[in-house]
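Colleague: Please pick one part of this model and go through it closely, residue by residue where that helps. I would rather have one part described in full than a tour of everything.

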Amino acid sequence: MIAKLSLISAAALLAGSSALAASGPTDPQIPHIAYTAGNIDGDAGKQALQKSQNKAVREFAEEMVRDHDAENQKALALVKK
C-alpha cells in the first residue's frame, strides 16, 4: 500500500515536472512538495504503528510521525503565506 501511494505521488509530481525542469520549482511549490512528501512518510509511520509489534519498528514509526507532523506544520505555514 505504501509503495503504491509513493508511486502515485511520484507520478503526480513527475507529471507536473516538465514545467519545473526549465526553471525549477517556484517558491509556493517548494513547501507544497515538502508537505506532500512529509504526509507520505507520516502515513507510513502511522501504518507501521497499526501493524507492527516490534519495539524498534514502533519507536522509529513514532519518531517519523512526530518529526514529519512538526515539519508539515512549518511547511503548511509557508504554503499559507
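Modeller: The order of elements along the sequence is α-α-α-α. In total the chain has 4 helices and 0 strands. This is a predicted model, and the part I have picked is the pairing of α3 with α4.

Some background on the chain comes first. Of its 81 residues, 16% are buried. If one takes the contacts between residues at least 6 apart in sequence, 53% of them join residues at least 24 apart.

Now the two helices themselves. Helix α3 covers residues 29–51 and helix α4 covers residues 55–80. For α3, 23 residues at 1.5 Å a residue should span 33 Å, and the end C-alpha atoms are 33 Å apart, which agrees. For α4, the 26 residues should span 38 Å at the same 1.5 Å a residue; the distance between the end C-alpha atoms is 37 Å, and this agrees too.

The two pack at an angle of about 155°, and their axes are 8 Å apart. Because angles over 145 degrees count as roughly antiparallel, α3 is roughly antiparallel to α4. The crossing of α3 past α4 is left-handed. As for composition, the residues of the contact of α3 with α4 comprise 13 nonpolar, 7 polar and 5 charged.

Which residues of α4 are buried? They are Ala61, Val65, His68, Asn72 and Ala75. An α-helix has 3.6 residues a turn, so residues three or four places apart point the same way. What the buried residues of α4 pack against is α3. On the other side of the pairing, the buried residues of α3 are Pro31, Gly38, Ile40, Gly42 and Gly45.

Individual residues fill in the picture, and I start with the loop. Serine 52 sits in the loop between α3 and α4. Its relative accessibility is 14%, and because buried means under 20%, serine 52 counts as buried. Beyond its neighbours within four places in sequence, serine 52 is in contact with Val57 and Arg58.

Alanine 48, in helix α3, also has Val57 and Arg58 as contacts, together with Ala61, when neighbours within four places in sequence are left aside. Arginine 58 is 10 residues from alanine 48 in sequence, and their C-alpha atoms are 6.8 Å apart in space. Ala61, one of those contacts, is among the buried residues of α4. Alanine 48 itself is partly exposed, its relative accessible area being 21%; the cut-off for buried is under 20%.

Phenylalanine 60 belongs to helix α4. Its C-alpha atom is 9.1 Å from that of alanine 48, and the two residues are 12 apart in sequence. With a relative accessibility of 49%, phenylalanine 60 counts as partly exposed, since exposed means over 50%.

Two further residues of α4 remain. Asparagine 72 is placed in helix α4 and, at 5% relative accessibility, is buried. Not counting residues up to four places away in sequence, asparagine 72 touches Ala34, Tyr35, Gly38 and Asn39. Of these partners, Gly38 appears among the buried residues of α3.

Alanine 75 is likewise in helix α4, and its 7% relative accessibility puts it in the buried class. What does alanine 75 touch, not counting residues up to four places away in sequence? The answer is Pro31 and Tyr35, and Pro31 is listed as buried in α3. Between the C-alpha atoms of alanine 75 and glycine 38 there are 9.2 Å, for a separation of 37 residues along the chain.

Put together, α3 and α4 pack at about 155°, with serine 52 in the loop between them. Alanine 48 of α3 meets α4 residues such as Ala61, asparagine 72 touches residues including Gly38, and alanine 75 touches Pro31 and Tyr35.

Conventions:
Residues are numbered from 1 along each chain as its sequence is written. This is a predicted model: local features need pLDDT of at least 70, side-chain atom pairs count only at pLDDT 80 or more; totals for chains, interfaces and linings use all residues. Side-chain values use heavy atoms; hydrogens and water are left out. Axes are lines fitted to C-alpha atoms, for helices over the stretch in contact, and angles run from 0 to 180 degrees between N-to-C directions. Angles under 35 degrees count as roughly parallel, over 145 as roughly antiparallel, 65 to 115 as roughly perpendicular and the rest as oblique. A crossing is left-handed if the near helix is turned anticlockwise from the far one by less than a right angle, and right-handed if clockwise. Ala, Val, Leu, Ile, Met, Phe, Trp, Tyr, Cys and Pro count as nonpolar, Asp, Glu, Lys and Arg as charged, and the others, Gly among them, as polar. The expected span of a helix is 1.5 Å times one less than its number of residues. Buried means under 20% relative accessible area, exposed over 50%, partly exposed in between (1.4 Å probe, protein chains only). Contact means heavy atoms within 4.5 Å.
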